[in-house]
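Biologist: Before we discuss any assignment, could you show me the model and then take me through the criteria behind the terms?

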Amino acid sequence: MKFKPEEIDILRGMLEESTELLKDLEQKILLLEQNQSKEAVNDVFRVFHSIKGLAGFANVSIIVEVSHALESVLKKIRDEGAPIKPKLIDLLLDGGDLCKFVLQKISTSLESYSGGDLEVQLEDLGEKELIEQAKAYFEREQEPRTDEKKIEVLPDGFEREAFSDFLDELDENITEIENNLVEFEKHEDPTLLNAIMRGAHSIKGGARLLLSITGGSKDSDSVKYIEKISHKIEDALQKALQKSTEVDLHMIFRGLDLIKMLDDCLKKGATPDEKELQSFLSDTSFVGENEVKTEEVAPLASHEAFFNVASQLIEFVEFLISDSSADRSELARIAEPLKAGLEIIGHPEKIEMIDRIVKAGESGNIEELRKLSEEFLSWLNGKEESIKSVPQTVSAQQTTERQVSQTVRVKKTKLDTLVNLVGELITLKNTVKYLTNEIISRLPQMQSELKSVALKLERLSYDFQSCTMSLRMTPIGELFQRYNRTVRDLAKSLGKKVVLITEGEEVELDRSILELLSDPLTHLVRNAIDHGIEEPDQRKKIGKPEQGTLTLRAYYRGNFVFVEVQDDGRGIDAEKVRIKAIERELAPQEQILQMSEEEVIQFIFYPGFSTAEKVSNLSGRGVGMDVVKTNVESIGGKVLVKSEPGKGTTVTMMIPLSLMAVKGLLVRIGTDRYVIPTELVKEALKVPAKSLYKYKDMLFTQIRGEIVPVFFTEQLLTQSDLKISEKRFNFDLIPLIVVQDQEAPFAIIVDSFIEEGDYLVKSVPEMVRSNGLVSGATVMGDGSIVLILDLSKLIR
Amino acid sequence: MAKILIVDDSKMTRDFHAYVLRSADYEVLEAFDGADAIEKLYREPNLACILTDINMPVMDGLTMLRKIRSIPEFSKLPVIVITTIDRPEEKMQALQAGANFYLVKPVKPSVLIASIQMLLKGR
């Protein structure tokens, strides 16, 4: 494939739009396989149809041919109720893959594009076979005897079909444009111009597509004219919309009449009158310069009224939370106009949320109330922003701008730069904070002023940071979607029945984390289907539904996102794992024998646990499990497996929400300072030295009646034989940090608490990580470096 | 068109709000304090909504509001309270006393109309 320089932009646009379209194609095809409904057929049809259009526009003939072939099959199924055979699904999936592959090739070639003609190398992708198969989809089985004849006729039929498709669409577009033109004459609504432009654009695209399919057939002159005229109309309208100038309606009508004339010629097989066509095409007088009058949009008063009442609801809810004796019944009264307001501003879907707030308020469910009102507030803030950004008056040009998509694509490198900048900002903020503290001790009179500046900077950088980080956030659903296909293909190849359920698709994670999760998830999904879920007849025998269930689940817990892969298969036999672990000497035998079943099965994550022997006879899993562990731990996460023999297995990955900054407690241990991430800190307190007691080399204390093991951190960190009895604490009170581990809390001894803050995590080389007790380092305001402790490792 | 009762001791405020409401095709009644308003309330059973000030002689707006809410047939009558910006504590008091919501002086005419439309929608 070769592309001219002027086609590159079109190609880029096509690439972006097609990739977007193809993204959920697979899911749509799988849906079609499941419910075989007409809507599902139409959904898939539309995707291929749009892709065909885009590709035709950009001259990517291979995609045009493939999608056209598939589209024709789908059309026949949709319109004539032809049967859906299992073959169809594979055909569609293959077709989608082929298009994706071609797009990817183009995209890679574009990356290194530096002017001139762009050449894209494509080896044989089997598109011919695919197209043949698509064409043969009906023929062979419907009329097996006339096989030969049919195939002979096909190429021509293929073209004829494309031709009649084009004419059908042309008629539709002409009617639509005409209606819009008439409407526009009555009242000059700029959105109508947009619709007309879109219509002209569709005609142009259709004509180009047809030309790319038919090549140089006898009718192509008329089609070329249609392409040129519609292009001219589109151009004129675009200019008018961009510069807010008056539109020459006469010219558009004239152009449209010519297209209609050409349409007629095509239908009758006549030759068009070239003279008039040429004169129209060479006429350049139709773009006037008169300003289109600006239009007033509806007053923003309803929004203002709405926000006024909405903020009162929030305030009142806060008041209710702070004052439990307040009269809650008033909540419903305030909510009532608010619900009406939601309808007025066009958001009736939020009414249900208000109802829930009222219900939570009336039943005194403070937690729920707080959660809901925060949720509502954040929606409100977003809404308010978007209202403010809408200009008071709108011209034709602005109308086009507002129709542009709500999302913005940002190059990842730019995003990374932004993230780095924010990182520096935070370091600077800490410096200012430090300097403030320094200067306060020297120049008390400047104290309050400086303090407020430091505070402002702190708030600003925090907002800046969270906004930047949110840019990188991507819903995990995007990742989950990829497994629809994996699950289907794998289950099919193993003769198993598996349904994939996804939960928490809206949970957002940093893009880079999401990428890192892709491999582990693939391993886990494969293992679950391969080793976890049983064959259908076996499942039936043990009273399980034939169809196994695989669940991908994501949810937030504290500073972590939990990502789970759960199956309802045969589970892991802990005893077999135990034997294997002993064989492989993964830990001292004594220790392994004493472990609980839950502890034992964690061995499956050990490198080399299962590679040596076939895994399936373990009735478990294991392939690549160490990859899962390594990947997840590389981003500061944890993996846990839970399994019940006969019932299934759940692998849970705990992923930290943000890689960049942690909230932490700065403490002094011995002579050094350390940061302890607050995500695991349950509380910080001081206990009298005498409440600490020793049992079998372990220290314990009681916190509110609960016995908590205590670790002498300084001794652990320095690896010395320092004794707690040798330490002296102020007033004999020992500062403790209580850590909430997965099961039981434990406490660590520090020398003193210094302050709480946000710390930017920098990675540290392996050798500095002192047996894994340190997860990173951070630079303090005064430039010194402080290590960040990894508490979960501390106890092992 | 819907009937609205404006309660305010300042004639100028009453006149202004009345003008705004009338120009939006509302029918307007006026009362100069809380007591006067309650009296008018009984004489005008088809009132759509009340727009009241807080600081008034004889009977203030909040007292009036509590009284109105304690009368069963008026317990659901829509009421907007207009507060002044320099007395923020009045806001929660107004909501607790039974206002549907409050507006802070000075109220933009367009917002006043939009607020009333919102309050009366679906009634």
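Modeller: What follows goes through the chains, the sheets and the contact, term by term.
This is a predicted model, in which local features need pLDDT of at least 70 and side-chain atom pairs count only at pLDDT 80 or more, whereas totals for chains, interfaces and linings use all residues. Residues are numbered from 1 along each chain as its sequence is written, while chains are lettered from A and ligands numbered from 1 in the order in which they are written.

Biologist: What makes a stretch of chain B a helix or a strand, and how many of each are there?

Modeller: Helices are DSSP runs of H or I with at least four residues, and strands are runs of E with at least two, numbered from the N terminus. By that criterion chain B has five helices and five strands, and from the N terminus on they run β-α-β-α-β-α-β-α-β-α.

Biologist: What makes strand 3 and strand 4 of chain B a pair?

Modeller: Two strands pair if DSSP finds at least two bridges between them; four bridges join strand 3 (residues 47-53) to strand 4 (residues 79-83) of chain B, so the criterion is met, and the two run parallel. One of the partnerships is that of B:Leu51 with B:Ile80 in strand 4 of chain B.

Biologist: Why are strand 2 and strand 5 of chain B said to stand at the edges?

Modeller: The open sheet of five strands in chain B has the order 2-1-3-4-5, with parallel pairing. Strand 2 (27-31) and strand 5 each have a single partner strand, so one side of each is left without a neighbour in the sheet.

Biologist: Which strands stand at the edges of the open sheet of six strands in chain A?

Modeller: With the order 14-18-19-17-16-15 and mixed pairing, the edge strands are strand 14 (681-688) and strand 15 (693-695) of chain A, each pairing on one side only. Strand 17 (residues 706-711) and strand 19 (residues 745-749) of chain A pair in the parallel sense over two bridges, and A:Val710 stands opposite A:Ala747 in strand 19 of chain A.

Biologist: How do you know which residues take part in the contact of chain B with chain A?

Modeller: Two residues are in contact if their C-beta atoms, placed from the backbone, lie within 7 Å, and the contact takes 18 residues from chain B and 22 residues from chain A. On the side of chain B that touches chain A, the largest share, seven residues, comes from helix 5 of chain B.
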